[in-house]
Structures are given as structure tokens and as C-alpha cells.
Amino acid sequence: MRQIVSFGGGGFSMESGNPLLDEFVLGLTARERPKVCFLPSASGDADHYIVRFYRHFAARCEASHLSLFRRERAPAEPREHLLSQDLIYVGGGSVTSLIGVWRAHGIDEILREAWERGVILCGLSAGSLCWFREGVSTFHGPPQRIEGLGLLPWSNTVHYSSELARRQALFGWLREGMAPAYAADDGAALHFVGEELAQVVASRSHARGYRVELRHGHVVTTKLATRYLGDPSCVPLIEPVAALAEA
Amino acid sequence: MADGTEAVRPDRRTILALGGHEFSRRRGNEALRDYMLALAGGPEPRICLLPTASGDPAEQIAAFRSSLGGLHCRLSHLSLFRLEHEGVGDLARHLHSQDLIYVGGGSMVNLLAIWRAHRLDRILRSCWQSGVALAGQSAGAMCWFEWGITRSPGETRLAPASDWSRGCSASTTTVTRTAAAACSTPSPSEPSRATAWTTAPGS
């Protein structure tokens with residue numbers, strides 16, 4: 001089964017003390033001690049980021065990371081290593097730098113193969129945008145339209161409610177023919193099975209996922225039913241499908 | 001100082017390729033640093049560090065600022081990985097306003113891939129043509145050439161570097177006149193690079 005979990009923002013690096021999204025992706029592996037490989041490429045393999053990953057995952061997972069800046073310290077066969085994982089976790093940073101480095105080392109093709117073979121892919125921020133056909137990045141200030149790996153035939157926007165400029169840029173590009181978008185707030189995660197959205201989960205009670213698309217020339221934002229992971233008794237929350245006015 | 005500078009930049013396009021030169025490791029011997037400052041020229045040159053090849057590590061940025069900090073330079077650095085609190089704004093405008101751009105060491109393959117993804121390769125070429133001096137060490141030296149001997153892929157190998165030459169032979173001629181068509185750094189301390197050099201096709 002091909003699975004991707006895209007965090008709008010969250011997990012160990014953004015939500016200290018709130019492990020709900022990380023627990024959710026680990027749970028999807030259905031392994032007692034899953035193999036998890038961290039790809040910190042979008043941050044330039046920042047040491048402090050790698051240390052934090054191990055601090056959170058080493059106790060309960062077979063944790064590893066793949067450095068593309070210090071290949072001499074990385075697994076000798078990145079393809080074999082990545083294909084043997086249960087979960088590949090992509091950190092945040094610059095999605096443009098991320099995609100550039102991956103292509104230079106052939107990691108983009110390996111990740112597609114891993115996905116097709118059932119390795120679960122997840123990530124936050126840049127690590128979310130990268131899986132889609134296109135994404136909206138604000139890394140260098142003004143929003144930019146960035147081409148991702150295209151495993152998912154949609155557009156993606158992260159940190160949705162907290163960044164007005166991203167939303168406005170997205171609306172403009174949708175009118176210019178950008179593919180319909182799935183967006184997520186900080187603390188919300190979009191779980192795709194195959195190319196289709198299966199569910200939205202959240203580590204914060206107010207965080208939501210959204211579908212944003214052009215209908216009859218108007219941008220329509222649909223707030224998606226989002227399951228709060230902090231309440232075990234909470235059944236999937238069914239909200240009225242609200243077509244929100246354009247901002 | 002100005003005379004010496006003029007002697008090596010007849011058409012103002014300048015590249016200084018350093019075999020190996022980390023600011024933090026050269027205390028007490030600042031000859032290369034001073035030579036570079038002379039190339040930058042002016043009483044208070046604007047110098048921008050590109051630490052891309054190492055993933056913008058704080059240590060490389062700190063060493064650069066520590067070495068040049070007290071020398072009447074206007075320093076900046078440009079991160080392509082981290083959101084900076086004091087961003088440089090428009091990348092092209094910032095780089096064009098420099099007297100010298102210094103590229104740190106690290107992975108040459110990553111450096112070039114990231115630059116291309118951000119279209120920085122074109123901006124740097126345009127800077128060079130308009131008289132901004134380009135300098136760098138190790139990966140930051142090889143990147144200006146057509147080929148380099150790199151360890152970026154995990155093993156030592158010959159890899160294509162700048163593709164400025166394709167479709168623009170005039171610039172290649174100028175670059176190669178100053179040094180060679182390919183670059184390997186630092187050679188004596190890393191025998192595997194010398195081996196890759198001598199076994200490379202067309203070497």
C-alpha cells in the first residue's frame with residue numbers, strides 16, 4: 001500500500017512535548033520497533049536537527065539518517081538502505097534546496113520506488129511540499145510556486161491558517177491552472193493512500209486540513225473533517241462541508 | 001595594492017580558486033585572506049559568504065565573520081537552507097551589490113545542484129561578468145571550473161562542475177586562461193584525488 005503523511009507543521013521538531021503526529025505515523029507501520037530513516041536534506045543536514053531526531057526516535061525505533069552533505073559517513077548504499085525502511089521521515093527547511101540535492105544524488109527516484117514498495121513517506125513543511133506536483137513555498141520571503149516530486153497529483157500548502165501570504169498566492173495560482181490543493185494547518189496531517197486523501201488527523205484540537213480548488217471560476221476552500229489524536233474516544237469528526245468565502 | 005590587483009584583472013572578471021583555506025584554521029598566516037581583500041578592492045569592500053556546500057553551518061559562518069570582522073569590510077552571508085531573521089531580500093540584487101563573493105567548502109555536487117535549483121548559477125555568472133570578484137576554497141574553488149575532482153558522492157571521482165561554458169565559449173577561455181580546465185583541491189593531502197585526476201578520461 002502506497003502511503004504518504006504530510007504535516008502542515010508539527011512533529012518532534014515543531015511541537016516539543018506533543019508526540020501525537022509522530023506516534024500516528026509510527027502506528028501506521030504496525031511494527032513494534034519500526035525502521036525509521038530521517039532525511040534532513042532540506043535543512044542542509046543540520047547537526048542539531050539530526051540530534052533531536054535521534055533523541056525522539058532512537059529509544060523505540062531502529063533510527064537512522066541519510067546525510068547527503070557527508071556521504072562518507074552515510075550508508076554506502078542509499079537505495080538499499082531506504083528501501084529497507086518502514087518509514088522515511090523528511091525534515092523541514094528549503095524545499096527548493098531539498099529537491100535540488102535529491103535529484104543530484106538520485107534520491108528522488110529511490111523515494112518513488114520506496115513509496116511503490118510500501119515504505120511510508122512522511123514529513124513536515126518542506127518535507128510535506130516535496131511529495132506533491134507543486135507546492136507554495138515562502139522560504140525566501142514572497143511565496144514561490146515550487147515543483148515537487150509529483151508522487152501526489154495535487155498542489156500543497158503548509159502552515160495554512162498562520163500565513164495569509166501563502167493563501168493569497170495559492171488562490172492566484174489556482175486561477176492560473178494550478179492543480180487543486182490540499183492544505184494543512186500547523187498540527188494537522190494529510191494521510192494519503194495511493195494518490196487519494198484517506199483522512200486528516202491533528203495533534204491540536206483546532207488544527208484542520210483543507211481542500212482548495214477552483215469551481216466555476218471561484219476559489220472554494222473546503223474545511224475537511226479532521227480527527228484530533230489527543231482524544232482516543234473521538235470518532236472521526238464530521239463537519240458540515242463549508243465553502244468558505246475567498247479571503 | 002591597487003596596482004597588483006589590476007595586474008590580475010585586466011577585464012575585471014576575477015576568480016580566485018583556493019586549494020584549501022578555512023578561515024578558522026589559518027590564524028597567524030593571513031596572506032591568502034589579505035590577497036583576497038585586495039581583489040575585492042575599495043576602502044570598505046562588501047563581501048558575501050555562500051556557505052551552501054556545507055549546508056549553511058553556523059560554524060563556517062562564524063569563522064568567516066571572525067576572520068574578516070575587524071577589517072573594515074561589510075560582511076553578509078546568504079543561506080539557502082534556513083530562514084534568516086535578517087534576510088538579504090532579493091538574491092540577485094544583493095549579490096550584484098557585492099565586491100567579492102566567497103564560497104565555502106563542502107559538497108561540490110550539492111553546491112551546484114542547489115545553486116541551479118535556486119537559479120543562483122545564472123546570477124553568479126552575471127555578477128562575475130559585471131566585475132564582482134568570485135572566490136572560494138575546495139568545493140567553492142572547483143565550482144567555477146568545467147570539471148572537478150570531488151568526494152561528494154562518497155567516493156573520489158571526476159564530476160562536471162560549472163556549465164557556464166556550454167553555449168558561451170568566451171567565458172570558458174577566460175576562466176581556463178587563469179588556471180586549468182579542471183580543478184582538484186586539495187591534491188597532495190588527499191592522494192585519492194590525484195589518482196582520480198590521472199585516470200580521468202582526457203586527462
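In this predicted model, B:Trp147 has B:Pro160 as its bridge partner in strand S7 of chain B. That pair belongs to an antiparallel arrangement in which strand S6 (residues 147-150) and strand S7 (residues 157-160) of chain B are joined over four bridges. The two strands make a hairpin with six residues between them, and in the turn B:Gly154 has a positive phi of about 105°.

Chain B also contains an open sheet of five strands, with parallel pairing and the order S1-S5-S4-S2-S3. Because strand S1 (15-18) and strand S3 (74-77) of chain B stand at the edges with a single partner strand each, one side of each is left without a neighbour in the sheet. On average, neighbouring strands of this sheet are turned by 15° against each other, direction ignored.

The two strand pairs described for chain B are set out below.

| Strand pair | Sense | Bridges | Citation |
|---|---|---|---|
| S6(B) and S7(B) | antiparallel | four bridges | |
| S2(B) and S3(B) | parallel | four bridges | |

Within the pairing of S2(B) and S3(B), B:Ile47 has B:Leu75 in S3(B) as its bridge partner. Helix H3 (residues 58-68) of chain B packs on the sheet, where it touches S2 and S3 of chain B, and its direction makes about 175° with that of S3(B).

The largest nonpolar core holds 121 residues, of which A:Ile88, B:Leu100 and B:Ile101 touch the most other members. Helix H5 (residues 108-117) of chain B gives the most to this core, with eight residues. Leaving aside residues up to four places away in sequence, B:Leu100 touches several residues, including B:Met36, B:Leu39, B:Ile47 and B:Val132.

Conventions. Residues numbered from 1 in each chain as written. Chains lettered and ligands numbered in written order. Predicted model: local features only at pLDDT ≥ 70, side-chain atom pairs only at ≥ 80, totals over all residues. Pairing = 2+ DSSP bridges. Axes fitted to C-alpha atoms, helices over the stretch in contact; angles between N-to-C directions. Contact = placed C-beta atoms within 7 Å. Core = buried A, V, L, I, M, F, W, Y, C linked by C-beta atoms within 7 Å. Buried ≥ 20, exposed ≤ 12 C-beta atoms within 10 Å, placed from the backbone.
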